[in-house]
Structure formats: C-alpha cells, structure tokens
Amino acid sequence: MNIFYEKATKRYGIFLGLFCAALLLMASGGGWLQGELGKESQLLFEKRMVSSLLDSGIQEKEIAAALNNEKVTLAGNDFMEKLGRLDETGFWMFPSARKEMYVMFFFLAGGAVVLSAILMAGTFVFLKKREKLYEKADKVIKEYQEGDFTHRLPRQETGTIYHLFGGIDKLATALKAKNEAEHHSRKFLKNTISDISHQLKTPLAALHMYTEIILEETKHPDKVEEFAKKSMQSLDRMERLIQMLLKIVRLDAGSVSFVKSPCRISELVDLACEDLKTRAEREEKSLSFSGDERSVLLCDRDWTVQALGNLIKNALDHTEKGGHIKVSWKGSALMTRLTVTDDGKGIAPEDIHHIFKRFYRSKNAKDSQGVGLGLPLAKSIIEGQGGILSVQSVPGQGAVFTLSFLTET
C-alpha cells in the first residue's frame with residue numbers, strides 16, 4: 001500500500017506490529033501462567049488427598065487407581081453435591097481458584113497498563129511529528145499565498161503526503177512563474193512606453209520647430225520647401241521608429257506566429273535590398289551578392305526579409321563612402337547560413353556584446369544613422385524562427401553578421 005511508503009507511517013506501522021506481537025506474547029504468557037497455577041493447585045490438592053487417604057489406611061494401589069480414574073459415577077456426583085461442590089458454585093468458593101484469579105488479574109491488568117502506556121506514547125510521538133509537519137507545511141503555504149516562494153514544502157521522503165506536497169510545490173512554481181511573467185510584462189510595458197516617449201521627443205521637437213519656421217517664412221518659398229522636406233524626414237523617421245517598436249512589442253509579447261514556407265534565398269535578398277539599392281548608389285557604396293540561386297530556406301518570408309533588410313541597412317549605416325557590402329549564402333545538409341559582410345568601421349570590443357540591446361548606441365556611432373532598434377528586431381525575428389544571429393568584427397576592418405538556420409527536411 002502506498003501509505004507505507006512514507007517513513008513516519010512505516011515506522012508507526014512497525015510500532016503497531018510490535019505492539020500486536022507484545023499482545024500475543026502477553027496472551028501466551030498468561031496462558032503459560034494459568035497452566036502453571038493450575039498445575040500447582042492440582043498438585044497441592046492431590047498431595048492433600050493422598051496424605052489424608054494414607055492416614056486413613058487406604059492402600060497405595062487403591063489411591064493410585066483413584067488418582068488415575070477419569071470416570072465420574074452417579075454416586076461420586078451425589079457425594080460432591082452433599083459436600084457443596086456443584087457446577088453452579090462460584091469459583092471464589094474455591095481457594096485455589098481465587099488465588100489463580102488474583103494472580104491472573106494482576107498479571108493481565110499490569111500488562112494491559114504497560115502496553116496501553118506504550119501504545120499511547122507511540123501514537124503521541126507519531127501525531128506530534130505529523131502535527132509539526134502540518135504546521136511547517138501550513139507556514140510555507142501561507143508564504144506562497146503572500147508571494148514569497150523562498151522556502152519549499154518538505155519533500156525528502158516518499159509517501160502520499162509528500163506526493164501531495166510535491167503537487168502543491170509544482171502549483172507554487174507555476175504561480176511564481178506567472179507572477180514573474182506579469183511583473184516582467186508590467187516592467188516591459190513601462191520600459192517600452194519610456195523608450196517610445198524618449199525616442200519620439202527629438203523628431204517631435206524638430207517637427208515643431210520646422211512647422212514654426214514654415215509659418216514664419218511664408219514669403220520665402222525656398223525656406224518653406226527646405227523645412228517642409230525636413231518635416232517629411234522627421235515624419236518618416238517617426239513612422240519607422242513606431243513601426244519597429246510595434247514589431248518588437250509584438251515579438252516580445254509572443255503575438256507573432258511565424259508561418260514558414262520554402263523560400264528562395266536569392267528572392268529574400270532581392271526583397272531585402274529593394275529599398276536600399278538606391279541609397280547605396282546615392283552614398284556611392286556597392287552591394288554584391290553571392291550564393292546558389294537554387295538554395296531554399298524554410299522561413300517566414302516577410303519577417304525574414306525584414307531582419308535581413310535591417311542587417312543590410314546597418315551595414316550601410318556604418319560603411320564609409322566607397323565601401324562595399326556583400327550578402328552571401330551557403331547551404332548544407334545540416335545548416336544554412338547567410339552572411340552580411342561590410343568593410344566599414346567595425347565594432348569596438350566593448351560594444352560587441354551590447355549591439356543587440358534596444359536603443360544601444362556606441363560612442364563611435366554618433367554620426368551614423370539609426371536609433372538602435374534594427375539589430376534587436378533582427379535578432380528577435382531570427383531567434384523566433386529557431387535560428388541564430390551572430391557577429392564578428394575587427395575595429396577598422398568591418399563586421400560580419402551571420403544568420404544560421406538548421407536545414408529542415
């Protein structure tokens with residue numbers, strides 16, 4: 001039975017077993033004592049009877065025959081009745097029986113008292129330990145209710161009660177995880193709102209200033225046109241910022257379901273570079289591509305294009321005029337890799353472990369474009385699809401961003 005898997009219950013069961021054995025031993029001892037007392041009374045009676053008969057001149061042969069006789073005659077029965085020795089006579093009328101009764105009473109009563117005391121003591125110890133266990137469990141459960149998960153319910157033994165404690169601990173762990181998730185969500189929301197507010201301050205202030213200038217310079221069309229363009233640039237920057245923040249929030253909230261399908265890598269690269277080729281030409285930077293046109297990647301097309309485009313844009317942001325950005329890919333039976341390589345400024349050793357943090361801006365990147373969201377968004381997209389985004393860089397020699405995906409069959 002499962003109830004005896006628990007050590008305390010098992011020990012108490014052993015104690016009850018020993019107690020029952022003691023009862024049997026006492027009963028056996030009582031039987032043995034009863035036999036000894038009966039034998040003693042019978043011998044004393046026979047000795048008295050034989051002594052009386054010998055004194056009366058009865059022959060030993062006749063006395064021996066009388067002692068060994070097992071037959072009760074009518075005459076003998078009538079004679080016993082005349083002496084008052086009847087079946088209905090109480091045992092207390094027989095001195096030897098009274099003696100046996102007293103001895104057995106004290107023996108059994110004493111044994112019962114001792115065994116009862118042992119039973120009560122053993123039961124008290126068992127219940128006391130169980131009460132301490134319940135008190136400890138009650139204290140820990142109250143801590144769980146108050147949100148304190150520092151302590152755990154006792155689980156060092158086996159048994160039904162510890163199995164129950166294990167179930168409560170699992171429930172507490174789930175509750176703790178839920179509380180932490182809610183705390184993380186509240187913190188994340190607070191930080192996100194703070195980040196959005198902070199990042200929108202600059203373009204909003206610029207937009208406000210440009211609007212004031214336009215209103216004041218209505219008689220100067222060239223000024224109006226100049227600051228109208230700057231206003232559009234600020235609006236575009238705000239739109240990109242908000243869109244990227246919304247995408248990151250959706251990814252962090254787990255509300256994005258990646259729909260994977262076989263996509264040609266060359267097509268993904270073309271789509272990612274579609275809006276960046278013109279910029280590269282304008283900034284006199286070159287883009288090149290290398291890889292098998294037939295290579296296919298199982299991924300979410302739109303989200304992967306977004307991530308790849310962010311990496312290429314990041315390379316353009318940190319490459320000087322005349323620089324070169326190369327996008328290459330290679331697949332194998334186990335892994336498919338895409339790399340975005342540039343020959344720009346590179347990443348300082350103290351920055352390389354922080355570049356995937358939101359809004360992180362290196363002190364060496366003050367003059368470059370971007371707000372520090374492209375790389376974190378790309379990382380979230382790649383990892384959300386089961387891939388890995390890594391970077392290698394030597395300051396002054398550019399950087400290599402690698403997207404690695406397990407080849408799925």
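A residue counts as buried under 20% relative accessible area, exposed over 50%, and partly exposed in between. Keep those cut-offs handy for what follows. The model here is a predicted one.

**A salt bridge along helix H4**

At 45% relative accessibility, Lys142 falls between the two cut-offs, so this lysine is partly exposed. Its salt-bridge partner is Asp138, with the closest N and O atoms 3.4 Å apart. Asp138 is also partly exposed, at a relative accessible area of 39%. The two sit 4 residues apart in helix H4, which means about one helical turn separates them.

**A buried charge network**

Searching the whole structure turns up 12 salt bridges. Some of the charged residues join up: Arg279, Glu283, Lys285, Lys313 and Asp317 form a linked network of salt bridges. One pair in that network is Arg279 with Asp317, whose closest N and O atoms are 2.5 Å apart. Arg279 belongs to helix H8 (residues 277-282) and Asp317 to helix H9, so their salt bridge ties together parts that are 38 residues apart in sequence. Arg279 and Asp317 are both buried.

Another pair is Lys285 with Glu283. Are these two buried or exposed? Lys285 has 12% relative accessibility, so it counts as buried. Glu283, at 18%, counts as buried too.

Here are the three pairs described so far:

| Salt bridge | Closest N and O atoms |
|---|---|
| Asp138 and Lys142 | 3.4 Å |
| Arg279 and Asp317 | 2.5 Å |
| Lys285 and Glu283 | 2.8 Å |

**The nonpolar cores**

Now for the greasy parts. In soluble globular proteins, nonpolar side chains tend to be buried together. In this model, the largest nonpolar core has 50 residues, and the ones with the most contacts inside it are Leu311, Ile312, Val340, Leu389 and Phe401. Which helix gives the most to this core? That would be helix H9 (residues 301-317), with 8 residues.

Val340 is a good place to look around. Setting aside neighbours within four places in sequence, Val340 touches Leu308, Leu311, Ile312, Ala315, Ile325, Lys326, Val327, Ala399, Val400 and Phe401. There is also a second, separate core of 10 residues, which includes Tyr144, Phe149, Leu153 and Ala172.

**Nonpolar residues on the surface**

Some nonpolar side chains are found outside, though. Met101, Tyr102, Phe105 and Phe106 make a nonpolar surface patch of about 450 Å². Phe106 lies in helix H4 (residues 95-145). With a relative accessible area of 60%, Phe106 is above the 50% cut-off and therefore exposed.

What does UniProt place at residues 12-33 and 101-127? Its unreviewed entry gives both spans the feature "transmembrane region". In the model, residues 12-33 are 100% helix and 0% strand, with the end C-alpha atoms 31 Å apart. Residues 101-127 are likewise 100% helix and 0% strand, and there the end C-alpha atoms lie 38 Å apart.

**The whole protein**

Zooming out, the protein has 10 helices and 7 strands. Of its 409 residues, 31% are buried. Among contacts with a separation of 6 or more, 69% are between residues 24 or more positions apart. The protein exposes about 27100 Å², and carbon and sulfur atoms supply 59% of that area.

How values were computed. Residues are numbered from 1 along each chain as its sequence is written. This is a predicted model: local features need pLDDT of at least 70, side-chain atom pairs count only at pLDDT 80 or more; totals for chains, interfaces and linings use all residues. Side-chain values use heavy atoms; hydrogens and water are left out. Patches are made of residues with over 30% relative accessible area and no salt bridge: like charges are joined within 9 Å, nonpolar side chains (Val, Leu, Ile, Met, Phe, Trp, Tyr) within 5 Å. Accessible areas come from the Shrake-Rupley method with a 1.4 Å probe; for residues, only the protein chains shown count as cover. A salt bridge is a side-chain nitrogen of Lys or Arg within 4 Å of a carboxyl oxygen of Asp or Glu. Buried means under 20% relative accessible area, exposed over 50%, partly exposed in between (1.4 Å probe, protein chains only). A nonpolar core is a set of buried Ala, Val, Leu, Ile, Met, Phe, Trp, Tyr and Cys residues joined through side-chain atoms within 4.5 Å. Contact means heavy atoms within 4.5 Å. UniProt positions are given in the numbering used here, feature names are shortened, and annotations may be inferred rather than shown by experiment.
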